[in-house]
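Colleague: Could you take a close look at the cysteines in this protein for me? I would like to know what the model says about disulfides, and what surrounds that question.

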Amino acid sequence: MAKMNIENVVASTSLGQELDLKAIENALEGADYNPQQFPGLVYRIKEPKTATLLFRSGKVVCTGAKSLGDVKIAISKVAKDLEKANIKISIEPKIEVQNIVASSDLEQEINLNTVAITLGLEKVEYEPEQFPGLVYRLDEPKVVVLLFGSGKMVCTGAKVPEDVVRAVDKIAAELRAASLMS
C-alpha cells in the first residue's frame, strides 16, 4: 500500500444566505477584502492553518487544510467567528471536497522516456523541455498524477484520500508489470 502525504484539501460549502463582505472584514481580524483584486473575502486562521474564501452569495471555499477533519474544524471556526460578528448562520454547512492534492514517492528513480512509451501516449503527456514531470491521467480513480524521474509523485483531482492510494498503487503495479521498477 502506498504511502502518501496530503498537501492540500480544497472544499466548498454554502452558508445559505448572502453575506456583507465589508461588514465581515470590519468585524473579523485576519479578514482581507479587496473587491478590485478579487471578488471574495479571504479569511485566514492559524489553527488549522487554512484560508477560507467567503463570497457575497454565501459560497465558502476552504483551502490549505491537510485533512477533511481540518476542513470541518476550519469551517466550523469560521461559522462561529461570523456568529460573534452578529452574522447568524441558519444552516449546517454541507461540506463537499473539490480536490485533494497529495504527494508520494516510489522510492526509486524512474526513466520517464521509457514510462511515456510504455504507458501509452493517449493517457500520458511528457515534454521534458516544457516540464520535468510526466503527466499521467488515470480514468479510475479519476485523478492526474505528475511523475518525476526521482520517483516522486504529486496526485491531484482526488475527492477522497483512498483515491490517491489507489492511483499510486495502480501506477506502481503498472511500472512493475512493465519491468520499469523493482
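Modeller: Happy to; here is a walk through the cysteines, followed by some backbone details.

Please keep in mind that this is a predicted model. The structure holds 0 disulfides. Why is there no bond between Cys-62 and Cys-155? The closest cysteine sulfur to that of Cys-62 belongs to Cys-155, and it lies 19 Å away, which is too far for a bond. For a pair to count, the two sulfur atoms would have to be within 2.5 Å. Seen from the other side, Cys-155 has Cys-62 as its closest cysteine partner, again at 19 Å. Cys-62 is buried, with a relative accessible area of 0%, and Cys-155 is buried too, at 2%.

For the wider setting, the protein is divided into domain 1 (11–97) and domain 2 (106–178). The C-alpha centres of domain 1 and domain 2 are 34 Å apart.

Now to the backbone. The peptide bond from Glu-47 to Pro-48 is cis, with omega near -5°, and Pro-48 sits in the loop between β3 (41–45) and β4 (50–54). Glu-140 and Pro-141 are also joined by a cis peptide bond, with omega about -5°; Pro-141 lies in the loop between β8 (134–138) and β9 (143–147).

Positive phi values turn up as well. Asn-86, in the loop between α2 (68–84) and β6 (96–105), has phi near 65° and is exposed at 64% relative accessibility. Ser-179, in the segment after α4 (161–177), has phi near 60° and is exposed, with a relative accessible area of 64%.

Notes: Residues are numbered from 1 along each chain as its sequence is written. This is a predicted model: local features need pLDDT of at least 70, side-chain atom pairs count only at pLDDT 80 or more; totals for chains, interfaces and linings use all residues. Side-chain values use heavy atoms; hydrogens and water are left out. Domain bounds come from an automatic or database domain assignment. Buried means under 20% relative accessible area, exposed over 50%, partly exposed in between (1.4 Å probe, protein chains only). Helices (H or I, at least four residues) and strands (E, at least two) are DSSP runs, numbered from the N terminus.
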